[in-house]
Amino acid sequence: MSLINPVVDAVAGFVVLFGLFAVLESLFPERRDQPRPPFRRGTVGDAMWWFADYAARAAGALAVVVAIVVVARFVPHPVVPGIALQPAWLQFIEVLVISDLAGYWGHRAFHRVSLLWRFHAVHHSIEEVDWLSAGRVHPIDTIVQRPLEVLPVFLLGFSSTHVLPLFAFFIGVYPIFLHANVRWDYGPLRLVIASPAFHRWHHTAEAEGIDKNYAALFPWIDWLFGSLHFPRRATTEYGLGSGQHMRDGFFRQLLHPLRSAIRI
């Protein structure tokens, strides 16, 4: 299979998103003083992360397939009867909730287990959070986390050819929007659906917000498990906190977990 079309699609997608978020982050910025791509520090490295993430997602998808085959073969698991008979919209909501509950605990583990934090710290090294920085995710992070989010959905018996592709698209695109430098918090739905204002508190370097807001889609999951922090004001500082910094550069950041741990 030719590699030309996937590369063209990746570049075209990047250009479209670059233009879209250039407009959104200009019109509705949360931090007006924050430089925007391509003028901010680390733009080149984050662009490299962006395209590397395509390979990481492919590896993550392979990890999902392997996990499904292994678990389906060797681990007893319940298949809920009647799932396929439900309306597609209800299945979609259920899939989002189930995957976010599983992803919540995986994400929390990446913060709490020092070995996993070495890899996840690459994502939290972002000091100017915007749509482009969403791609700064270590491949090990993606390869481990993606099966945790997807496996329960298959084990419970969800197999709709309409729902699952939409789910895969949604969890691939929505995180990009969550990192955007926009001030939206969804008002009365601020604790129901994750917004950029909610997730940007997850990236704060302020002590009060460290290790909070693990949910990717539903803030009420953080409320349920005691990790919610979502004040009305916006955070003013991003990064690793406690005066810690990670050097810029794609290859430095890629190899960082293999050299040392930031948090022991």
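Which residue does the side chain of glutamate 30 meet in a salt bridge? In this predicted model, the partner is arginine 200, and the N to O separation between the two side chains is 2.9 Å. Glutamate 30 is placed in the loop between helix 1 (4-27) and helix 2 (43-74), whereas arginine 200 belongs to helix 7 (residues 196-202), so the pair ties together parts that lie 170 residues apart in sequence. Both members of this pair are classed as buried: glutamate 30 has a relative accessibility of 17%, which counts as buried because it falls under the 20% cut-off, and arginine 200 is buried with a relative accessible area of 1%.

The salt bridge between glutamate 30 and arginine 200 belongs to a wider set, since a search of the whole structure finds twelve salt bridges. Another of them joins aspartate 46 to arginine 40, with the closest N and O atoms 2.8 Å apart. Aspartate 46 counts as buried, at 1% relative accessibility, and arginine 40 is likewise buried, with a relative accessible area of 4%. These two residues also take part in a network of salt bridges, in which Arg40 and Asp46 are linked with Asp130 and Arg136.

A further salt bridge is formed by aspartate 185 and arginine 190, whose closest N and O atoms are 3.5 Å apart. In this pair the two residues fall into separate accessibility classes: aspartate 185 counts as partly exposed because its relative accessibility of 21% is not under the 20% that defines a buried residue, while arginine 190, with a relative accessible area of 8%, is buried.

Attention may also be given to leucine 148, which is situated in helix 5, the helix that covers residues 139-155. The relative accessible area of leucine 148 is 39%, and this residue is therefore partly exposed, as the value lies between the 20% limit for buried residues and the 50% limit for exposed ones. When residues up to four places away in sequence are not counted, leucine 148 touches Ala102 and Gly106. With respect to histidine 256, a residue 108 positions away along the chain, the C-alpha atom of leucine 148 is found at a separation of 24 Å from the C-alpha atom of that histidine.

Note on methods: Residues are numbered from 1 along each chain as its sequence is written. This is a predicted model: local features need pLDDT of at least 70, side-chain atom pairs count only at pLDDT 80 or more; totals for chains, interfaces and linings use all residues. Side-chain values use heavy atoms; hydrogens and water are left out. Helices (H or I, at least four residues) and strands (E, at least two) are DSSP runs, numbered from the N terminus. Buried means under 20% relative accessible area, exposed over 50%, partly exposed in between (1.4 Å probe, protein chains only). Contact means heavy atoms within 4.5 Å. A salt bridge is a side-chain nitrogen of Lys or Arg within 4 Å of a carboxyl oxygen of Asp or Glu.
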